[in-house]
Amino acid sequence: MNIIPRNQHPISRSDISENAIKVLYRLHKGGFEAYLVGGCVRDLLLGVAPKDFDVVTNATPEQVRQLFRNCRLIGRRFRLAHIIFGRDIIEVATFRGHHSDEEKEVGKIARTSDEGMILRDNVYGTIEEDAHRRDFTVNALYYNIADFAIYDFVGGMADLEDGTLKLIGEPEERYREDPVRMLRAARFATKLGLRIDDSCRTIIPALAHLLDDIPAARLFEEFLKLFIGGKAVANFEVLNDLGLMAPLFPVLKVPFKDPASIEYQMVYQAFIDTDSRLHENKSVNPGYLFAAILWYPMIARASEISQEASFSEYDAYQMASADIIALQVRSISLPKRFSIPMRDIWILQLRLMQTTPRKAVRLLTHPKFRAGYDFLLLRAKVENDKRLRSLAEFWTQLQIDNPGLTAGATKAPTKRHRPRTRCRPARK
Ligand code: ATP
Ligand code: MG
């Protein structure tokens with residue numbers, strides 16, 4: 001174990017949220033050990049503002065509850081304490097331990113699937129065991145409120161200094177235990193500018209299929225973190241290289257091999273636009289992004305359907321949308337509040353082709369007009385098609401000629417999407 005004393009690292013109490021400090025001290029005064037751990041320690045060491053502050057302790061959740069009036073215990077798979085300060089929540093976890101093989105067999109406390117995935121665990125342990133249960137070495141640094149030192153059990157400090165992202169333990173085993181760690185590797189690498197260690201990178205393509213077994217709701221949360229966090233382009237490139245796009249988007253023909261193809265360009269441009277909107281603090285709708293990602297598969301399906309029987313284009317779009325969504329949600333669940341606007345955007349692409357004056361002006365008031373129009377611009381750009389470009393110009397001009405008609409034209413921008421609840425680390 002390596003202990004980095006307070007005068008040899010840059011973290012000071014003034015960097016830490018007041019509420020987290022309160023929680024740490026209350027635990028400490030209650031006679032327990034209390035540490036900050038995970039992303040917040042890592043980010044502070046890198047000079048990045050942490051998203052949230054997570055606390056670990058040797059107190060059990062029940063003991064934590066006795067110390068705090070504003071405490072709620074949550075989680076079935078792993079009990080956690082939430083200390084609530086209005087809108088701010090500090091999560092307090094108890095050190096997690098290893099489970100013995102015996103416990104695995106009886107399946108009482110911990111359970112493992114046939115693929116080696118951990119399904120449920122509730123075993124408390126020592127800080128050192130807790131460190132070994134975490135995913136990457138840089139995520140297993142502990143800031144101790146008792147002496148303000150950093151405790152490093154797995155070489156995270158050296159890896160941080162070296163700019164390396166490395167799993168703790170045997171990489172293949174760790175990915176099998178929880179395949180989402182492959183996505184996390186990509187995300188941390190791009191977010192923090194770290195290099196994924198060869199031992200953890202080269203095996204990813206062969207294991208990517210393990211993500212097929214991850215619940216679609218969990219992958220939706222990962223989707224948001226990967227693509228609605230300001231680093232969509234970088235994440236897309238890494239995921240495409242590592243063969244991780246296929247399990248996320250089975251209807252795409254991925255990995256994309258030719259960056260010049262329109263399929264690649266569509267997805268790429270949509271991610272560029274998403275990142276720049278976020279950097280300008282504008283709203284981003286996951287439904288719009290899905291509409292772009294799945295556009296060409298939807299079009300291909302629609303033309304198959306029209307060949308099978310003589311459906312109208314409109315009906316073919318409707319049916320194709322339903323088919324593509326049904327296939328997609330097996331991998332990444334898409335709440336209705338996003339899949340409905342996605343369909344609207346697709347169907348609007350047909351309606352935007354009708355430019356008779358009365359119909360056109362009426363379409364300006366469609367609640368999703370703006371999204372549909374933006375999507376048309378995106379297509380025109382990607383396809384570099386004259387017809388689409390002049391259609392886009394028509395709609396641009398129509399809006400100029402009819403100011404204030406467009407839905408949302410005068411409304412304040414909608415709020416940026418955030419998961420409704422704080423995402424609990426879905427640890428395995
Ligand atoms: P960020 O919040 O910036 O995305 P983070 O490292 O805080 O990054 P969380 O998902 O908030 O990530 O998880 C907090 C900590 O819990 C991680 O730093 C890591 O130590 C541990 N952890 C999270 N997910 C896993 C996992 N799938 N396997 C093992 N450990 C995990
Ligand atoms: Mg975090």
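**Notes on the ligand 1 site and on Asp275**

1. Helix H8 is the element that contributes the most to the shell around ligand 1, supplying five residues. The model is a predicted one, and the points below should be read with that in mind.

2. The shell around ligand 1 holds 19 residues, and those that come nearest are Arg42, Asp178, Arg181, Arg187 and Lys191.

3. Several polar side chains can be placed against particular atoms of the ligand. In the side chain of Arg42, an N or O atom is 2.8 Å from an oxygen atom of ligand 1, while for the side chain of Arg134 the corresponding distance, again to an oxygen atom of ligand 1, is 2.9 Å. Asp178 instead has a polar side-chain atom 2.7 Å from a nitrogen atom of ligand 1.

4. As for how far ligand 1 is covered, the ligand taken alone exposes 580 Å², of which the protein buries 96%. Two elements give two or more residues each to the shell around ligand 1, namely helix H2, spanning 39–46, and helix H8, spanning 180–192.

5. A separate point concerns Asp275, which is found in helix H14, a helix made up of residues 262–279. Asp275 is buried yet has no salt bridge, and the nearest side chain of opposite charge, that of Lys231, is 7.8 Å away; a salt bridge would require the charged atoms to be within 4 Å.

6. What does Asp275 touch, leaving aside residues up to four places away in sequence? Its contacts are Gly230, Lys231, Ala232 and Val233, so Lys231 is touched by Asp275 under a contact cut-off of 4.5 Å between heavy atoms, although no salt bridge is formed by Asp275.

Definitions and conventions. Residues numbered from 1 in each chain as written. Chains lettered and ligands numbered in written order. Predicted model: local features only at pLDDT ≥ 70, side-chain atom pairs only at ≥ 80, totals over all residues. Heavy atoms only, no water. Helix = DSSP H or I, 4+ residues; strand = E, 2+ residues; numbered from the N terminus. Buried < 20%, exposed > 50% of the residue type's maximum accessible area, 1.4 Å probe, protein only. Lys, Arg positive; Asp, Glu negative; His and termini not counted. Near = heavy atom within 4 Å. Polar contact = N/O pair within 3.5 Å; in protein donor to acceptor, adjacent residues only side chain to side chain. Areas by Shrake-Rupley, 256 points an atom, 1.4 Å probe, with all protein chains shown as cover.
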